Amino acid sequence: MNPIIDTANNNPVSIHPSANRLTLNMPVIKQLVYKDWYLNRKLLAIYVGGGIFSLSILSLGEWQFFMGSIMFITMLVALGNHQLSVTMINERKEQTLAFVMSLPVSPADYAMAKFLSNMVLFFVPWLLLVTVTTGVILLTPLPDGLLAFTLLVCVLIAVNHCICWSVTMFTETEAAFLMVMIGLNCLLNPALYFLARSPNIGISQGENFIWTDTASLVLSGEILAILLLLFGTLYLRSRKKVFF
């Protein structure tokens, strides 16, 4: 059964014949996830390589530290935003979603596929880069006191990615994605400033790694925000009966 076309907008908007299924179509979900991973394989290599390069110059000098820090944050932010553009925005612009709707896949299947593909595509390289960052701070002349601040910043970038993913899943429009992405990027600098200025979690802790109650509170809030965004969006998006 082909989806019905909305003649006003020329978009498929019908309830899919599999929309009322209670179980997920895992074979099709796996194929959709694999498609997204395949399309993003080169992007992942570029951003991971750029992130590792930025970390390799952190301890070489003062200007190298600032350049490497900015480049590393840029790689993490761009990693998440670029993959959302490829896996979700371009899929609608290039009418790939119309083909997906011809498959035996429900809106819940589609939501689960986008959840799995985007979270793995972001969090696997994110975790790799965070692990390498931790090693660089602890094993090089860089002060170990930077570690708490760095970890909180990395998790904050993950929160930003989850917000962009959530908004894109709900609105399914490029304009909303771009507005949220730009807004979050603008807010990132003030957030870095306040984290750095905090005496308990900032960059002034010195040579020793210290994890404070304030750092635990901030980290707990970031993790809670990630969980609420991911599973709240997945639950609400899975309840939709239509793709648009």
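Begin the tour at the largest pocket, which has a volume of about 580 Å³. The model in the viewer is predicted.

**Stop 1: the pocket**

Select Phe 65, Ser 69, Ile 70, Ile 73 and Phe 149; of the 23 residues that line the largest pocket, these are the closest to its centre. Next, colour the helices that supply two or more residues to this lining: H3 (62-93), H5 (107-139), H6 (146-171) and H7 (174-197). Which of the elements gives the most to the lining of the largest pocket? Helix H3 does, with seven residues. Colouring the lining by residue class then shows 18 nonpolar and five polar residues, with no charged residues.

**Stop 2: the whole chain**

Zoom out and switch to a cartoon view. The chain contains eight helices and two strands. Followed from the N terminus, the elements run β-β-α-α-α-α-α-α-α-α. Colour by relative accessibility next: 45% of the 244 residues of the chain count as buried.

**Stop 3: the salt bridges**

How many salt bridges does a search of the whole structure find? The search finds two. Select Asp 36 together with Lys 114 to display one of them; the closest N and O atoms of this salt bridge are 2.9 Å apart. This pair links distant parts of the chain, since Asp 36 lies in helix H1 and Lys 114 in helix H5, 78 residues apart. Now add Lys 35 to the selection. Lys 35 also forms a salt bridge with Asp 36, and here the closest N and O atoms are 2.9 Å apart. Through shared partners, Lys 35, Asp 36 and Lys 114 are joined into one network.

Are the members of this network buried or exposed to some degree? Asp 36 has a relative accessible area of 1% and is therefore buried. Lys 114 also counts as buried, because its relative accessibility is 3%, and the limit for that class is under 20%. Lys 35, at 23% relative accessibility, counts as partly exposed. As a general point, side chains of opposite charge can pair when their charged atoms come close.

**Stop 4: a surface patch**

Finally, turn on the molecular surface and select Tyr 34, Tyr 38 and Leu 39. These residues form a nonpolar patch on the surface, and together they have about 340 Å² of accessible area. To place the patch in the fold, highlight helix H1 (residues 26-39), where Tyr 34 is found. Helix H1 also holds Asp 36 of the salt-bridge pair visited at the previous stop.

Key:
Residues are numbered from 1 along each chain as its sequence is written. This is a predicted model: local features need pLDDT of at least 70, side-chain atom pairs count only at pLDDT 80 or more; totals for chains, interfaces and linings use all residues. Side-chain values use heavy atoms; hydrogens and water are left out. Patches are made of residues with over 30% relative accessible area and no salt bridge: like charges are joined within 9 Å, nonpolar side chains (Val, Leu, Ile, Met, Phe, Trp, Tyr) within 5 Å. Accessible areas come from the Shrake-Rupley method with a 1.4 Å probe; for residues, only the protein chains shown count as cover. A salt bridge is a side-chain nitrogen of Lys or Arg within 4 Å of a carboxyl oxygen of Asp or Glu. Helices (H or I, at least four residues) and strands (E, at least two) are DSSP runs, numbered from the N terminus. On a 1 Å grid over the protein atoms alone, a cavity is a set of points where a 1.4 Å probe fits but cannot get out, and a pocket is an open set with protein on both sides within 12 Å along at least five of seven lines; lining residues have an atom within 4 Å of a point. Grid points are joined across faces, edges and corners, and a volume is the space filled by probe spheres set on the points. Ala, Val, Leu, Ile, Met, Phe, Trp, Tyr, Cys and Pro count as nonpolar, Asp, Glu, Lys and Arg as charged, and the others, Gly among them, as polar. Buried means under 20% relative accessible area, exposed over 50%, partly exposed in between (1.4 Å probe, protein chains only).
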